[in-house]
Each structure stands twice: as structure tokens, then as C-alpha cells.
Amino acid sequence: MDVKTAFLHGELEETIYMQQPEGFVKDNTKVCLLKKSLYGLKQSPRQWYRRFDEFLLKAGYVRRNYDSSVYMMRKNDKVILYLLLYVDDILLASSDRQEIQKLKERLNDEFEMKGLGNAKRILGMDIMRDRNKGELFLSQQGYLRKVVECLESRWRML
């Protein structure tokens, strides 16, 4: 899933003024007081993460200590859903499709989302499934190929 306009969801903690946007300038002596986060601000990624984190924690998800972008939902001492957030992209994993659908609906109610179908790649890794065997594989073959090609081209230059 992809969060549309993710950085616009953040709430600013600082007072930030900016020049009037091109096309809106009526008086060069005036500036705009930002009330919401915008793309291009240094604060925007952090404020977006805080907003998303707060939403998931209130919904009962637990942030994992080993990685602050991984969340987990437990039910009856059983892990039922994992969520991985990478900037504005979300990867969901669960053995219960109904739980995934419920979370998708909740996320879409809070943030405008775009479904991207079944994940095939994440963070440069290819995702391969064998649903009949219940197996999931991750491969970095494409990434490694690019690294080797880059090294080869550097060696040629020497």
C-alpha cells in the first residue's frame, strides 16, 4: 500500500514562516505561517512518522524494539499481523486475510491510501511465494547483480 501525500499529514511543532508561493504573491512584505507540514521541510518525514505511529499504537499495534518501522498486532498471544512502514509505503503480512482487510480499511479511513496489489519487491529485495507450500522467499539477486556490474565498470576504469 502507498500513503498518498503522506508528509501533509504531519502536525508541526515549531513556528515556521515561508515566502508566499509563486502565483499567490500579493505583497512582497508578507509571509505565510505554516499550519501543516509540507513536502520539502526537514521536519516533514519525522512529523509524518509520529502521526502514523500514534495512530497505530492507539489501534492496539505494538512497535517492535528491533526496528521502529515494524509493527505487530497480537490476539490471544498469537501474532496475527505485521506491518512494515518505509516512508510512505506499507507492507502487510498475516495468515488471516480478514485482518489485513480490516487494517486496510482503517488505514484508508485515516489516510488516503492506494493499494498496490501483492508485494513483489521491498527495499530492493524480490518477494517470491509458494502459497501451496506456505513458503515465502526473499532474494537480493537483482541488487547483487547491480553491485557486481558497478564494481566491474570501476575496475575497467582503472
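**Strands, helices and surface patches**

Trainee: Which residue takes a positive phi in the hairpin of β9 and β10?

Mentor: L123 does, with a positive phi near 50°, in a hairpin that has two residues between the strands. Keep in mind that this is a predicted model, where local features need pLDDT of at least 70 and side-chain atom pairs count only at pLDDT 80 or more, while totals for chains, interfaces and linings use all residues. Residues are numbered from 1 along each chain as its sequence is written, and side-chain values use heavy atoms, with hydrogens and water left out.

Trainee: OK, and what counts as a strand, or as a pair of them?

Mentor: Strands (E, at least two residues) and helices (H or I, at least four) are DSSP runs, numbered from the N terminus. Two strands pair if DSSP finds at least two bridges between them, and β9 and β10 have two bridges, in the antiparallel sense. Within that pairing, I122 has M125 in β10 as its bridge partner.

Trainee: What order do the strands of the open sheet have?

Mentor: The three strands run in the order β9-β10-β11, and the pairing is antiparallel. β9 (121-122) and β11 (135-139) are at the edges with a single partner strand each, so one side of each has no neighbour in the sheet. As background, the strands of a sheet pair through backbone hydrogen bonds, either parallel or antiparallel.

Trainee: How many bridges join β10 to β11?

Mentor: Five, between β10 (residues 125-130) and β11, again antiparallel. D126 stands opposite S139 in β11, and D130 has E135 in β11 as its bridge partner. These two strands also form a hairpin, with four residues between them, and G134 in the turn has a positive phi of about 70°.

Trainee: Back to D126, then. Which residue does D126 form a salt bridge with?

Mentor: Its partner is R121, and the closest N and O atoms are 2.6 Å apart. A salt bridge here is a side-chain nitrogen of Lys or Arg within 4 Å of a carboxyl oxygen of Asp or Glu, and by this rule the count comes to six.

Trainee: Is D126 buried or exposed?

Mentor: In between, because D126 has 24% relative accessibility and counts as partly exposed, where buried means under 20% relative accessible area, exposed over 50% and partly exposed in between (1.4 Å probe, protein chains only). R121 is partly exposed too, at 48%.

Trainee: Which helix do E54 and K58 lie in?

Mentor: Both lie in helix α1 (residues 44-58), four residues apart, which is about one turn of the helix. They form a salt bridge whose closest N and O atoms are 3.4 Å apart. E54 is partly exposed because its relative accessibility is 45%, whereas K58, at 68%, is exposed.

Trainee: What about Y49, buried or exposed?

Mentor: Y49 counts as buried because its relative accessibility is 18%. This residue also lies in helix α1, and its C-alpha atom is 7.8 Å from that of G10, although the two are 39 residues apart along the chain.

Trainee: Switching to α3, how far apart are E152 and R156 in that helix?

Mentor: They are four residues apart, about one turn, in helix α3 (residues 141-157). Their side chains meet in a salt bridge (3.8 Å, N to O), with E152 partly exposed at 40% and R156 exposed at 66%.

Trainee: Which residues make the nonpolar surface patch?

Mentor: Y143, L144, V147, L151, W155 and L158 make this patch of about 700 Å², and L144 is found in helix α3. Patches are made of residues with over 30% relative accessible area and no salt bridge, joining like charges within 9 Å and nonpolar side chains (Val, Leu, Ile, Met, Phe, Trp, Tyr) within 5 Å. The areas come from the Shrake-Rupley method with a 1.4 Å probe, and for residues only the protein chains shown count as cover.

Trainee: And which residues gather in the patch of positive charge?

Mentor: R97, K120, R129 and R131 gather there, on the surface. Lys and Arg count as positive and Asp and Glu as negative, leaving His and the chain ends uncounted, and each charge is placed at NZ of Lys, CZ of Arg, CG of Asp or CD of Glu. R97 is in helix α2 (residues 97-110) and counts as exposed, at 61% relative accessibility.
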